[in-house]
Amino acid sequence: MMSSQRPSFVSESVTNGQRKRFSSGSPDCPHLHKKFCRHSDIMENQKLANFSVAPNGVNKTTVLGKKQGTEKKILSIKNFKERNQSAVDHVAESWQFLQEAVVAIQESRKLRDNLTQEDLYRYVDNLITQQDPSRLYFDLRELTERHIKSRLNQFLSGTSDRLTFLRQLNDCWTHHCHQMKMVCNIFLALDRGYVLQNAHVSSIWDMGLELFRQHILEEVVVENRCVDGLLMMIEKERSGETIDRSLVKSLLRMLSSLQVYHKIFESKFLVATEQLYLREGQRLTQDRDVPQYLLHVDKRLNEENNRVLHYLDMSTKRQLIYCVEKQLLSEHKTFLLQKGLDSLLDQNRRRDLALIYQLFARIKGGLEDLCTHFNAYIKSYGKTIVINPEKDKSMVQELLDFKDKMDGIVTECFTSSDKFVLALKEAFEHFINQRLNKPAELIAKFVDSKLRAGNKEATEDELERLLDKIMVLFRFIHGKDVFEAFYKKDLAKRLLVGKSASVDAEKSMLSKLKQECGPGFTSKLEGMFKDMELSKDIMLAFKQNSHLGSTPIELNVNILTMGYWPNYPLMEVNMPPEMVHYQQIFTKFYLAKHCNRKLQWQPTLGHCVLKAAFPLGPKELQVSLFQALVLLLFNKADILSLADIASGTNIEDGELRRTLQSLACGKARVVQKSPRSKDINDEDKFIYNKEFTNQLFRIRINQIQMKETSEEQQQTEERVFQDRQYQIDAAIVRIMKMRKVLPHNLLITELYNQLKFPVKPADLKKRIESLIDRDYMERDKDNPNTYNYVA
């Protein structure tokens with residue numbers, strides 16, 4: 001724009017509301033803002049576009065209606081004359097204006113009225129053009145440094161309190177940032193032209209920050225008072241006081257901007273935090289119970305998270321939260337688990353349990369320790385239910401309730417974590433087998449009580465859900481053969497006495513057992529159902545083909561396959577001639593169809609309906625066959641002795657006493673006993689109760705058959721024990737036949753892997769000795785601890 005060879009032209013531009021004239025050849029042009037000179041270039045190009053300049057400087061034009069070259073018109077273009085003025089004066093003048101403006105900004109004064117920001121831009125551009133830009137950068141740095149040093153004295157007096165000092169420092173920092181923004185705007189051309197081209201030179205903004213840090217914040221007194229004041233305010237907030245968060249936020253942003261946040265503040269802040277929570281954790285674990293302490297820890301963690309969000313640097317979050325977790329949780333986790341977890345589980349405080357899970361998930365090894373203590377609690381609590389014989393009647397229901405409770409805690413509080421689910425399963429399997437055989441027996445009896453016809457406590461859907469829960473307990477049992485034995489015995493009673501609540505429920509339970517243990521486990525149980533269905537068909541054919549005529553007696557017989565049903569003791573009893581006659585007719589009918597079979601009558605589980613004519617009204621009595629035989633004797637006499645009844649019925653003594661006890665000592669006393677007592681003695685007399693009455697017409701008094709005697713229980717246990725002996729023998733022979741030669745320890749290990757019920761090493765050793773005695777195997781001659789199979 002300064003070239004003297006450029007043609008002169010005149011353009012007009014409006015600046016600050018006044019119209020001025022500028023000439024491109026004028027010496028004043030260097031003082032103008034760049035946009036004016038560019039505008040002049042544009043107008044120059046526009047005017048030159050109307051001419052075609054020849055190489056000799058003469059324009060050639062064509063006149064309309066005349067041939068080219070007939071007339072020539074010459075236009076000469078000359079430059080304005082330049083006025084000589086010293087460039088040095090302009091540099092000094094420009095810096096004087098800029099220095100005055102910077103000082104005015106630093107002192108928060110207004111600029112001179114005739115000095116606009118556009119003029120300042122122009123002065124900066126002039127100085128960059130006419131001198132080395134580094135000179136201007138150095139002068140500006142020196143001016144800024146002198147101002148910052150002048151602000152230091154106000155912080156060295158030490159008379160103000162911490163809060164006042166922080167506010168003064170924050171005001172100084174805020175004003176400095178505002179001033180540097182304005183200075184950066186004015187010297188924008190220097191930033192873009194000089195600083196960007198020199199990587200070793202800081203920007204004007206960074207230069208201002210560096211000088212502030214160097215001359216104010218790195219002063220020992222200022223630094224210490226600043227950090228101490230910030231720590232004091234944060235400590236006050238932690239103690240519950242309200243502080244000026246915006247002030248703390250501004251000062252911490254200042255430290256981050258000056259790149260001293262981590263160096264002078266963060267380390268001291270974390271040390272103070274660690275000491276605070278160390279003392280707090282030691283104090284509160286003694287003063288508060290576990291739920292209150294956990295709530296306090298959760299509150300502290302939320303507070304520190306909010307602190308990071310509001311004013312702390314995000315880089316501090318990880319170390320800060322770790323410090324809180326370490327001092328309030330990690331250092332006290334064993335104490336919290338030992339002191340509080342058991343009580344929380346006992347009281348089913350699920351909200352607190354969910355909180356302890358969330359908190360322990362934060363610390364290393366926290367969930368593992370929580371899971372270990374959870375497992376130990378279940379084992380300890382469950383063992384008290386299983387081991388105590390006094391709780392046998394309520395054991396299964398307590399186990400179901402306990403399992404529901406623990407399942408709910410794992411689901412709701414421990415987010416169904418796999419490790420907690422496995423811990424729950426392992427704990428139940430451990431404690432439920434601490435008492436051999438009994439839990440399996442009691443679970444079978446519990447199922448029997450729920451599947452009886454008298455159970456009206458639940459709907460079909462509720463009963464189905466209950467059976468599913470029972471199957472969960474069943475899976476934990478090692479001695480499933482004990483369950484099978486007792487379940488089989490009880491199922492037989494339900495089917496034969498007609499006390500099953502629902503055939504669908506029975507078959508549903510059978511399906512669950514089959515799915516769990518395989519078809520071999522339920523084959524005999526399924527055979528029992530088949531026998532009952534075949535018996536119905538046989539009885540239908542018997543009633544259609546027999547010639548019983550019109551008789552008051554109705555006979556119903558169940559044909560049982562001996563291998564499917566429990567073994568019942570043979571008992572010959574004296575039955576009325578009418579019953580004997582009907583038995584003979586049925587035997588003849590059945591053997592006619594199945595000539596190669598043998599019928600053996602079992603009166604043990606027989607039942608009858610008797611029509612009784614009492615003076616106060618007729619009744620129908622649902623009784624067992626043994627009860628019916630006893631009552632029929634009173635048709636001949638009103639008073640009978642124990643000996644008379646025994647000779648008349650030929651019922652086994654123990655069974656007879658139980659039968660008389662049910663008739664004379666139960667709720668429906670159709671027979672009276674003299675003398676009155678609960679026990680049946682040899683001298684007792686039994687009297688027909690003429691005054692018997694009841695609100696019901698049909699009265700059920702045959703529940704005695706559903707009750708298990710101690711002899712029955714003992715027989716079932718002995719049968720299970722004997723079956724286990726056979727299974728052990730079979731397993732030993734099977735292993736030895738395959739291996740031929742096997743050391744004792746390996747044989748024991750193989751047996752443990754194959755047997756599905758708990759067994760002691762001593763029992764296995766006895767069975768091995770028994771097989772050696774029976775020549776199934778022998779000891780090796782060279783090594784007594786090795787066995788050889790005998791083919």
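## A tour by selection

Select E460 first: this residue sits in helix α19. The model is predicted. E460 is exposed, since its relative accessible area is 65% and the cut-off for exposed is over 50%.

Now add D461, E462 and D504. Together with E460 they form a negative surface patch. Helix α19, residues 460-476, is the main contributor to this patch, giving three residues.

Stay on α19 and pick E464. Its side chain meets that of K512 in a salt bridge, 2.8 Å from N to O. This pair links distant parts of the chain: E464 belongs to α19 and K512 to helix α21 (residues 503-517), 48 residues apart. Which partner is buried, K512 or E464? K512 is buried, at 15% relative accessible area. E464 is partly exposed, at 29%.

Next, select D729 and R774. They form a salt bridge whose closest N and O atoms are 3.0 Å apart. Here too the pair links distant parts of the chain: D729 is in helix α27 (residues 710-739), and R774 is in the loop between α29 (761-773) and β10 (777-779), 45 residues apart. D729 is buried, with a relative accessible area of 9%. R774 is partly exposed at 41%.

Move to K391 and E398. The closest N and O atoms of this salt bridge are 3.9 Å apart. K391 counts as partly exposed at 27% relative accessibility, and E398 counts as partly exposed at 25%.

For a network, select E237, R238, R245, E304 and R307. Salt bridges link these residues. The count of salt bridges comes to 45.

Select V290, in helix α11 (residues 290-310). V290 is buried, with a relative accessible area of 4%. Now add L336. Its C-alpha atom is 6.4 Å from that of V290, although the two residues are 46 apart along the chain.

Then take helix α24, residues 625-633. Eight of its nine residues are buried, so the rest of the structure largely encloses this helix. The buried residues are L625, F626, Q627, A628, L629, V630, L631 and L633.

Finish on strand β6, residues 671-674. Which way do its side chains point? They alternate: V671 and K673 point to one face and are buried, while Q672 and S674 point to the other and are not buried. Show strand β7 (residues 685-688) as well. β6 and β7 pair in the antiparallel sense over four bridges. Pick Q672 once more: its bridge partner in β7 is I687.

Notes. Residues numbered from 1 in each chain as written. Predicted model: local features only at pLDDT ≥ 70, side-chain atom pairs only at ≥ 80, totals over all residues. Heavy atoms only, no water. Patch = residues over 30% accessible without salt bridge, like charges linked within 9 Å, V, L, I, M, F, W, Y side chains within 5 Å. Areas by Shrake-Rupley, 256 points an atom, 1.4 Å probe, with all protein chains shown as cover. Salt bridge = Lys/Arg side-chain N within 4 Å of Asp/Glu carboxyl O. Lys, Arg positive; Asp, Glu negative; His and termini not counted. Charge placed at Lys NZ, Arg CZ, Asp CG, Glu CD. Helix = DSSP H or I, 4+ residues; strand = E, 2+ residues; numbered from the N terminus. Buried < 20%, exposed > 50% of the residue type's maximum accessible area, 1.4 Å probe, protein only. Pairing = 2+ DSSP bridges.
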